[in-house]
Amino acid sequence: MRFQEKICIANWKLNKTLSESRKFCQELAPFLKSNKIWIAPSLCNLSPLIQEFPQMTFGAQKVSKFSQGAYTGEVSGAMLRDLGVKFCLCGHSERRRHFHETDRDIASQLAELLKQGITPVLCIGETKEEHEKGMTEAVLTSQIQEGLILLGSHPVTLLIAYEPVFAVGTKEPLSADRVQKILALIANKVSKIHPHVTLTCLYGGSVDPSNIDEYLMQPAIGGVLVGSASLDMTTFKQMINP
Ligand code: PGA
């Protein structure tokens, strides 16, 4: 069993209706022997799934940076908590790119989640251009500093998912060796800036059944964030090896 200690988050993005999500969970639930397999379905499907599959862990793909008020279309941290949401992605590269979320927006989302006792999964990563220019460390440092800027000095638990933008949805994963080094660097930076944070670092970007073992073998990699390969039941089962 791969996921006694390491975490696998399935990020379903804009996929699966309620009936498709339900079918997937019905098939998966009897096989789940670990509570480290987390699912992030569409926001609108969270409530029925949480009620129907209480043994599973569900999270959201986004949260509002605002607590409440006149913000049409937004969903707050308190609303997610009330549904029983356990974790929430923040700052996924697709939200940064398509919805222009900034590091400051992401810092506010993170603060909203922590206020509600929901575990944030902060997603960071450099673009291909930044990577080729040797800017990886500078970009990650700035995303960490800015993203965590509203953390107080009390102890918190959070996850950081390192997802190089050019590896997301491209079938061009970064090598496990390289990821191991970068995650060690991220852990080091966070412990210096925020010594009170209990951190787990994940890797995301074209993880699939053929490469997942290489990542999970690395000590600094606390788990994986999986997009496309989490959508198909057969592929997903191969990855989590229930
Ligand atoms: P991918 O997506 O596995 O399809 O590359 C990962 C993610 O977006 O979190």
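At roughly what angle do the axes of helix α7 and helix α8 cross? To find the answer, begin the tour with these two helices, bearing in mind that the model is predicted.

**First stop: α7 and α8**

Select residues 136-147, which form helix α7, and residues 176-193, which form helix α8. The two axes cross at roughly 40 degrees and come within 11 Å. Angles under 35 degrees count as roughly parallel and those from 65 to 115 as roughly perpendicular; α7 and α8 are therefore oblique to each other. Their crossing is right-handed.

Next, display the side chains where the helices meet. On α7, select T136, E137, L140, T141, I144 and Q145. On α8, the partners are R178, I182, L185, I186, K189, V190 and I193. Coloured by class, this contact shows 7 nonpolar, 3 polar and 3 charged residues.

**Second stop: α5 and α7**

Keep α7 on the screen and add α5, which covers residues 103-115. The axes of α5 and α7 come within 8 Å and cross at roughly 45 degrees. That angle makes α5 oblique to α7.

Which residues of α5 meet α7? Select D103, R104, A107 and L110 in α5, and then S142, Q143, E146 and G147 in α7, which they meet. By class, the contact of α5 with α7 holds 2 nonpolar, 3 polar and 3 charged residues.

**Third stop: H100**

Now move to the loop between α4 (93-98) and α5 (103-115), and select H100 there. The phi of H100 is positive, at about 55 degrees, although H100 is not a glycine. This deserves a pause, because most residues other than glycine have a negative phi.

**Fourth stop: K16**

A second example can be selected in the loop between β1 (7-11) and α1 (18-28), where K16 lies. K16 is likewise a residue other than glycine with a positive phi, near 75 degrees.

**Fifth stop: α1 and α10**

Select α1 (18-28), and add helix α10, residues 233-240. The axes of α1 and α10 come within 11 Å and cross at roughly 40 degrees. The two helices are therefore oblique to each other, and the crossing is right-handed.

Which residues make this contact? From α1, select F24, E27 and L28; from α10, select M233, F236, K237 and I240. By class, the contact of α1 with α10 comprises 5 nonpolar residues, no polar ones and 2 charged ones.

**Sixth stop: the largest pocket**

Leave the helix pairs and turn to the spaces in the model. The largest pocket has a volume of about 370 Å³. It is lined by 13 residues, and those closest to its centre are K13, L14, Q61, R95 and F99. The lining of this pocket divides into 5 nonpolar, 4 polar and 4 charged residues.

**Last stop: the cavity**

How many cavities of 30 Å³ or more does a search of the whole structure find? The search finds 1, and about 100 Å³ of space lies in the largest cavity. To locate this cavity, select K13, G205, S206, V226 and G227, the closest to its centre among the 15 residues that line it. The lining of the cavity consists of 5 nonpolar, 8 polar and 2 charged residues.

Finally, keep K13 selected. This residue is among those closest to the centre of the largest pocket, and it is also among those closest to the centre of the largest cavity.

How values were computed. Residues numbered from 1 in each chain as written. Predicted model: local features only at pLDDT ≥ 70, side-chain atom pairs only at ≥ 80, totals over all residues. Heavy atoms only, no water. 1 Å grid on protein atoms, 1.4 Å probe; cavity = no way out; pocket = protein on both sides within 12 Å on 5 of 7 lines; lining within 4 Å. Points joined across faces, edges and corners; volume = space filled by probe spheres on them. Nonpolar A, V, L, I, M, F, W, Y, C, P; charged D, E, K, R; others polar. Axes fitted to C-alpha atoms, helices over the stretch in contact; angles between N-to-C directions. Helix = DSSP H or I, 4+ residues; strand = E, 2+ residues; numbered from the N terminus. Parallel < 35°, antiparallel > 145°, perpendicular 65-115°, else oblique. Left-handed = near helix turned anticlockwise from the far one by under 90°. Contact = heavy atoms within 4.5 Å.
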